[in-house]
Every structure is written in C-alpha cells, then in structure tokens.
Amino acid sequence: TKYDSKKKSFMCSYFPTKEGNHLISIRYGRNSIQNSPFTVLVEGFAGDASKVVTANKNFLLEGVTVGKEAEINLITADAGKGELNVSIIDPNGVTDTLPVTIIEREEGNQTVNFTAKTSGFHIIHIKFAGFEIPSSPFHIMASPPSNPTKDIWEANQLNKEILKPLEAVKFSISTEEADDGPLEIKVLAPISPISFNVQTGSVEVGKEEKGNCI
C-alpha cells in the first residue's frame, strides 16, 4: 500500500494465488468504507504466450499459394487461458486486408486459416493473451499457382537406354510459362537415394549404383 500525501489517496495492490471468490475488506479509521467488503472473482491465470507451439512450421520454408487457403496449426494446451489474435500485413504494407478464421479443433488445439490474394511476403503477427507467440511475426512468401502442364523439359542424356555408374546425367526443365513454384525432383534408385543438384536452367543427377532408376 502506498500513500500519496498530495492527493491524500492510497494505492493498493494484491496478487491472488488461488482461483475463486475473494472478499476484500477495506477500513478507514477502523470503519468499513462504503460497499466493503468487495467480492472479486479470480478465474484462471494469465496465459503464457511462450508456451504456444506451432505444429506445422513447414509453411515457413514452403510458403503459401495465392488463392489457396493456408492453415497454421497452434497448440495452446500448455499455455493456459488466453485469447488468440492474428493480424496479417500484406506485401503492400496494409494490415488486416485478409480475412482470418480461427477454429478450435479441440481444447488446446486451434487452427488459423487465411487465403493470400497477392504474391509477395506476408507478415503474420500471432498473439496469445496479448503477447507474441514464439517466432512471431512470421514472414511467409505467397507465390502464384503454378501450371505444370506448361513445363518444358529436354531429356538430353536420359534418352540413353543404359547409363554408367558415376556418370552425371543432365536434363533441363523450362518453367518460363508455368509461373512461379517450387521444383521437386525424386529419383528412385535400386539401393540408396540419389543425390542431385538443381541449378538455374539444368538439373544434374549423380548415379552411383547399377540398376533401373525411375
């Protein structure tokens, strides 16, 4: 309790340690002040934003696609009670132009859904109980949808029926008319996975074992 002699007032504070109704009795000059005792309900401790877990962090690396609904899964089970707030800054620097839907799948498991309208980096602020969760704000790239039917590839050495081990196999893929999008290549080898090097304009595959590859 602190007393302000100029204002002739007291500043009082207390820290409840248990939930439930608390009776606060205030007296001045040994007499109870008006309406004392006061009943105060203490319910739930303030949530801890640092304990919120982002379940699917792969979207940070892969980004999202323009026009396709994106989903961020958040686990708040160990974070206590608190309200989840989300705001998104679009590539033009404008806040809250994108509608955001927060769905509670089950207690302690919530999903944030949004759909990017333009290409570029989006900054997503996620707060729990008034504070940023770990890794927030998130910087996520939104890319236009790609059209793989317009990809053009040149087989080059893949036209050979038989390739030699340790021989570098080169082929090119043109995505000029397919819009932006991540390029994924998988090679099924007889024994172990095959390493490959993706460069602008060409893909190089190093084969170390004998056998058919797909």
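Student: Which residues of the largest nonpolar core touch the most other members?
Tutor: Keep in mind that this is a predicted model. The largest nonpolar core holds 23 residues. Strands β9, β10, β12, β13 and β15 each supply at least two residues of this core. The residues touching the most other members are I72, L74, F114, I124 and I126.

Student: Which residues make up the covered face of β9?
Tutor: Side chains in a regular strand alternate between the two faces of the sheet. In β9, the uncovered face has E69, E71, N73 and I75. That leaves the covered face, with A70, I72 and L74.

Student: What does I72 touch, leaving out residues up to four places away in sequence?
Tutor: I72 sits on the covered face of β9, and it is among the core residues that touch the most other members. Its contacts beyond those four places include T54, N56 and F59. The rest of the list is Q110, T111, V112, F114, I124 and I126.

Student: Which strands stand at the edges of the open four-stranded sheet?
Tutor: The order in this sheet is β7-β9-β12-β11, with antiparallel pairing. Two of these strands have a single partner strand each, so one side of each is left without a neighbour in the sheet. Those edge strands are β7 (53-54) and β11 (101-106).

Student: How many bridges pair β9 with β12?
Tutor: Let's walk across the sheet. β7 joins β9 through two bridges, with V53 partnered by I75, and I75 also stands opposite N109 in β12. At the other end, β11 and β12 pair over five bridges, and I102 faces V112 there. For the antiparallel pair β9 and β12, the count is seven.

Student: Is Q110 buried or exposed?
Tutor: Q110 belongs to strand β12. Beyond four places in sequence, Q110 touches I72, N73, L74, T76, L84, I102, I103 and E104. Its relative accessible area is 12%, and the cut-off is under 20%, so Q110 counts as buried.

Student: What share of the contacts with a separation of 6 or more comes from residues 24 or more positions apart?
Tutor: First, some background on the whole chain: the protein has one helix and 19 strands. One contact that fits your question links I72 and Q110. Across the protein, the share is 51%.

Student: And how much of the exposed area do carbon and sulfur atoms supply?
Tutor: Of the 214 residues, 24% count as buried. The protein exposes about 15,600 Å². Carbon and sulfur atoms supply 51% of that area.

Definitions and conventions:
Residues numbered from 1 in each chain as written. Predicted model: local features only at pLDDT ≥ 70, side-chain atom pairs only at ≥ 80, totals over all residues. Heavy atoms only, no water. Core = buried A, V, L, I, M, F, W, Y, C linked by side-chain atoms within 4.5 Å. Buried < 20%, exposed > 50% of the residue type's maximum accessible area, 1.4 Å probe, protein only. Contact = heavy atoms within 4.5 Å. Pairing = 2+ DSSP bridges. Areas by Shrake-Rupley, 256 points an atom, 1.4 Å probe, with all protein chains shown as cover.
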